[in-house]
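Got the viewer open? Here's a short tour: what to select next, and what you'll find there.

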Amino acid sequence: MKYIFEDIIETESIFLIIEKHFDDDAEKEHMKNVIRDTIHHKLMDLILDELDVEKRVVFLAGVENENEHPSLLERLRDWIDSFEEKIRLKAKEAETEMIDLINVG
Amino acid sequence: MSSVEKSNSHQIRKKIEEHHKSVVDRFHEKHAETLKFAKKHSLAIAGAAILTAAALGVSHIYALEHTKHKQQQETASLQLFVKQLNSLITDRKTLNSAEEEVIADALSKKFGLNLKISLNENRLNEIFGYVGKEQHLYRWAGDALTSHDLQNAGMAPLQGAFKDFDDVDQEKYYVAVQLHELPNWNKDWSTLKPWYKYRKVLVFNPVNQKGIVAVIGDSGPAKFTGKTFGGSPEVMEYLQMKDGSQKGKAIILFVDDIQNKIALGPVDPTATYLANK
C-alpha cells in the first residue's frame with residue numbers, strides 16, 4: 001500500500017540507519033513499514049488539524065484509494081497554505097524524533 | 001552480527017514500535033470524533049468498509065490482514081442486514097414496536113446516527129409508509145420558484161405548517177408527516193407544534209439503502225391519499241422515490257441531535273453537496 005504523501009517527503013536518513021542496524025531483510029522491511037506508518041500518522045494529524053469537518057470527510061473518503069491520491073493532493077494544495085512545505089517539515093521532524101530515539105542509550 | 005549488535009537492534013525495534021504505538025494511540029484519541037464522523041459517511045460510500053483503518057494505512061502485515069478480515073465481516077453483516085430488513089418490511093402494512101426498535105438500532109449503526117422511534121416522549125403514528133412527492137414550499141415572504149432547484153416540482157400555493165423556514169436547507173430537505181393524526185394533537189398542539197417544528201429525521205429508502213437527514217417542515221398528507229409521509233423534491237430525488245402507482249415506502253426516524261451537529265442532506269460523502277466543497 002502506498003501512502004499518500006510518500007512522493008512529497010524525503011526520509012532516507014532513517015532508512016539508512018535501519019539498513020545499518022538490521023541484517024534480516026524481513027526485519028528491515030518491517031521496521032521501515034513501522035517508520036512509514038508513524039510518519040503517515042503524524043502527517044494525517046497535521047492535515048486533519050488544517051481542514052474543516054466536511055473537507056476532512058472528503059479527504060478521508062479518498063485517502064485509502066491510490067487512484068484518488070493525485071486529485072486529493074491537488075485539493076490539499078488548494079485548501080492548505082504552503083501545503084507541501086508543511087508536510088516536508090512535519091515529516092522531517094518525525095524522522096528526527098525517531099533518529100534521536102535510536103541514538104539515545 | 002555480534003550479540004551486542006543483535007541486542008542493539010532489538011532495543012531499536014522496541015523503541016520504534018513503542019513510539020509508533022504511542023503516535024497511533026494519540027492520533028486516535030485526538031481525532032476520535034472526526035474518524036467516527038468519517039466512518040459514518042464511509043459506510044454509505046463503501047457499503048461497509050472500515051475507512052478508519054484503511055485511511056490510516058496500517059502497513060504492518062498482520063494489521064493489514066486483520067483489516068481485510070474486518071472489512072469482509074462488515075460487508076457480510078451489511079448484506080445480511082439488507083436481507084433481514086427487506087424480509088422484515090416486505091408486504092407489511094405496519095411494524096410492531098420490537099421490529100421498530102430493531103430497525104432503529106440497525107440504521108443507527110449503519111449511518112452512525114443516534115436514531116429514535118420516540119424522542120422526549122413524542123413519536124409518530126407510523127415510522128414506515130408510502131411517501132408522496134410534495135411541491136416546494138414558500139420559504140419566506142418574497143420567495144419565488146425561480147430561486148429553487150428542481151423547479152419542475154412546482155410551488156405549493158401556501159406556506160408550510162410552520163410558516164417561514166430558518167434557512168434554505170430546511171426547505172430543500174423537508175418532509176411532511178401527519179401531525180394532525182397524532183392522538184394528542186388536538187389537546188396538546190400548542191406544545192407539540194414547536195417540538196415538531198423543523199425536527200430532524202432520517203428518511204431511509206430500504207430499496208436502495210439511501211438515507212437522507214431532513215426536517216419535519218409540514219403537516220400532511222391527508223389520510224385518504226393512502227400515503228403516510230410527503231417528501232420535498234430534493235428528498236424524493238435523492239432517495240429515487242416515485243409518486244403515483246410507482247410510489248414506494250420509506251422509514252422515518254427521529255435524529256437525536258441535541259447539540260445540533262448533524263447536517264441536513266444525504267448521508268453519503270459522494271453526494272454533490274460535499275464533492276463541491
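A charge sits over a ring if NZ of Lys or CZ of Arg is within 6 Å of the ring centre and within 35 degrees of the ring normal. With that in mind, select Lys210(B) and Tyr238(B): the charged end of the lysine sits over the tyrosine ring, 4.6 Å from its centre. Then pick Lys247(B), which lies over the face of Tyr130(B) at 4.8 Å from the ring centre.

Some ground rules before moving on. This is a predicted model, where local features need pLDDT of at least 70, side-chain atom pairs count only at pLDDT 80 or more, and totals for chains, interfaces and linings use all residues. Residues are numbered from 1 along each chain as its sequence is written, chains are lettered from A and ligands numbered from 1 in the order in which they are written, and side-chain values use heavy atoms, leaving out hydrogens and water.

Next, colour by pLDDT (the predictor's confidence in each residue, from 0 to 100). Chain A averages 89, and chain B has a mean of 80. In chain B, go to residues 43–67: pLDDT stays under 50 there, and the model has 58 contacts (heavy atoms within 4.5 Å) beyond four places in sequence for them. Residues 269–277 of chain B also stay under 50. For the complex, the predictor gives an ipTM of 0.95 and a pTM of 0.53.

Now for the rings. Those of Phe, Tyr and Trp (its six-membered ring) pair if their centres lie within 6.5 Å; planes under 30 degrees apart count as stacked, over 60 as edge-to-face and the rest as tilted. Over all chains, the structure holds 9 aromatic pairs. Select Phe5(A) and Phe59(A), a stacked pair at 6.5 Å centre to centre with 25 degrees between the planes. Phe5(A) and Phe59(A) are both buried (under 20% relative accessible area, with exposed over 50% and partly exposed in between; 1.4 Å probe, protein chains only).

Hop over to Phe165(B) and Tyr198(B), a tilted pair with 5.2 Å between centres and 35 degrees between planes. Ring pairs join these two with Phe162(B) and Tyr174(B) in a cluster.

Last stop: helix α4 (residues 69–79) of chain A; helices (H or I, at least four residues) and strands (E, at least two) are DSSP runs, numbered from the N terminus. Which residues are buried in α4(A)? Show His69(A), Leu72(A), Leu73(A), Leu76(A) and Trp79(A). Look down the axis: the buried residues fall within an arc of 125 degrees (directions from the helix axis to the C-beta atoms), so they line one face of the helix. On the other side, Pro70(A) and Asp78(A) are exposed.
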